[in-house]
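Colleague: I should like to go through the reasoning behind some of the terms used for this model. Please set each value against its definition.

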Amino acid sequence: MFNDINLDEIDLTESPPEEEPNRQYYFMAKCRELIRRKKEELGHPLSFCIKTFGCQMNARDSEKLQGILEKIGYIKSKSEMSTFVIYNTCTVRENVNLRVYGRLGYLHALKKKNPHMMIGLCGCMMQEPKVVEKLKNSYRFVDLIFGTHNIYKLAELVTVALEQNKMIVDIWKNTDQIVENLPIDRKYFFKSGVNIMFGCNNFCSYCIVPYVRGRERSRRPEEILEEIRKLVNDGVKEIMLLGQNVNSYGQNLAHSLRFAGLLEQVAGINGLERIRFMTSHPKDLSEELIEVMSKYSNICPHLHLPVQSGSTNILRQMNRRYTKEFYLALVDRIRSFIPDISLTTDIIIGFPGETEKDFMETIDVVEKVRYDSTFMFIYSKRTGTPAAEMDKQIPEEVIKERFNFLLAKVKEISRDKLSRFEGKIMNVLVEAVNEQDPSLMTGRLANNLLVHFPGNASMIGTILPVYLNCCNGFYYIGSII
Ligand code: SAH
Ligand code: SF4
Ligand code: F3S
């Protein structure tokens, strides 16, 4: 997208510039040369494969890594049999973390067969010193390890890795830098994530994200708006504004623009059909935001509003800084402005000290709010967070019982709620050919619900009116009218 700097015009006999992003363009030119030579030596093009674990932030980061790798001459592949394999890792819960170690064994076997293979690890897990220690001791075959703050330096890091035949580790504890105008390769041509801020200052007591993503930094509104305008010119219909807590956007900037104001400016961009955003912390959701959402038809009527627990006592222990009553009143306010809004949430089960009574408070919230869908997570102890030190960790069998009870409840509610659009005609952004049945297409309603309907691949990326025949629990079966 920003690929307007011509690498051929960069003089590699000069020393690398200090300022960014020019320094990275210098290394892209240098690296491209190294890759060209390697390609001649091996007699085939060099391929890369990035596997992404974790949330939309990581997915967006992977698009940035991909943009740089394509610029320096690597060819994209879906297979881990590639010359360069990168795992962009997540560590929000222990099970995601364990998956990475499991797959590394498989990569090692591939590398033994192909000595030219390069293995890179990046993302949130790499920001944990004990993980890097373990990799340095027991996973020596990994070539390149970097973190969340320096992904923009990929070309520079690959240059070093290609020149020196040893494990390269570059992890920064924190940063106040945001480097703009680097290449990005989008996964979808019709929709895109756009970072509006990085990091998190909330320190919910269970959560590792503030430790691995650093302090909150907002991008300047001019940069965000410019990026979105370019995306729209490029054919993008839907954008998702990304941040761990979008509602605190702008706190570190010199002017008074906050999230509601930014969203209003984004909604005014000509040709932008759909706007989503993730994630909203209930404590910072302003009245102005609700007003802006209700005013613009291109802002999707969907709000992901993680409650985490319905018990005020547990919420206090979680450092969420709102009560059950505050949350319920907020939901009422939102619905009074946008009655048909789709609300979704995250819930953690088995936070230390959660009693049966606390759990029933969560059930009460679920029954009162009646979410369109609920993402349920079993509490996972993350070393270094305050909750990991708390007494009364909950036994596994109790957690399982609560999980199943809540699951049955949310399924029943979702099934009932989601069917409210049956028999209506609604606009669908067509996203892909259905994986199970290639005669069907899969798309999304503005409220984020999935719809499958007979169609063909030429419809991908267009917005079409679809008749919603019936709701099958979590998705609709529809037909084009
Ligand atoms: N910034 C977002 C959440 C990012 S993490 C927010 O504040 O809403 C996504 C979800 O993972 C969280 O909402 C939470 O429900 C869950 N989560 C985070 N840490 C967890 C942990 N230690 N154990 C279980 N679930 C966790
Ligand atoms: Fe984690 Fe809380 Fe920040 Fe979300 S707001 S990323 S749950 S610390
Ligand atoms: Fe995971 Fe990092 Fe996102 S820990 S959830 S990838 S911010």
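Colleague: Which residue of β16 is the bridge partner of L429?

Modeller: The partner of L429 in β16 is R444. This is a predicted model, in which local features need pLDDT of at least 70 and side-chain atom pairs count only at pLDDT 80 or more, whereas totals for chains, interfaces and linings use all residues. Residues are numbered from 1 along each chain as its sequence is written, chains are lettered from A and ligands numbered from 1 in the order in which they are written, and side-chain values use heavy atoms, without hydrogens and water.

Colleague: What makes β15 and β16 a pair of strands?

Modeller: Strands are DSSP runs of E with at least two residues, numbered from the N terminus. Two of them pair if DSSP finds at least two bridges between them. Five bridges join β15 (residues 425–433) to β16, so the criterion of at least two is met. The two strands run antiparallel, and a hairpin of six residues connects them.

Colleague: How do you know that β16 also pairs with β17?

Modeller: Five bridges link β16 to β17 (residues 450–454), again in antiparallel orientation. R444 stands opposite L450 in β17; R444 is also the partner of L429. The hairpin of β16 and β17 has four residues between the strands, and N448 takes a positive phi near 85 degrees there.

Colleague: Why is β16 called mostly covered?

Modeller: A residue is buried at under 20% relative accessible area, exposed at over 50% and partly exposed in between (1.4 Å probe, protein chains only). In β16 (residues 440–445), five of the six residues are buried, hence the description.

Colleague: What makes the contacts of R93, Q244 and Q308 with ligand 1 polar contacts?

Modeller: A polar contact is a pair of N or O atoms within 3.5 Å. An N or O atom in the side chain of R93 is 3.0 Å from an oxygen atom of ligand 1. For Q244, a polar side-chain atom lies 2.8 Å from a nitrogen atom of the ligand, and for Q308 the distance to a ligand oxygen atom is 2.7 Å. Each pair therefore meets the limit of 3.5 Å. The protein covers 89% of the 540 Å² of accessible area that ligand 1 has on its own (Shrake-Rupley method, 1.4 Å probe).

Colleague: Which strands each supply at least two residues of the shell around ligand 1?

Modeller: They are β13 (342–349) and β14 (373–378).

How values were computed:
Polar contact = N/O pair within 3.5 Å; in protein donor to acceptor, adjacent residues only side chain to side chain.
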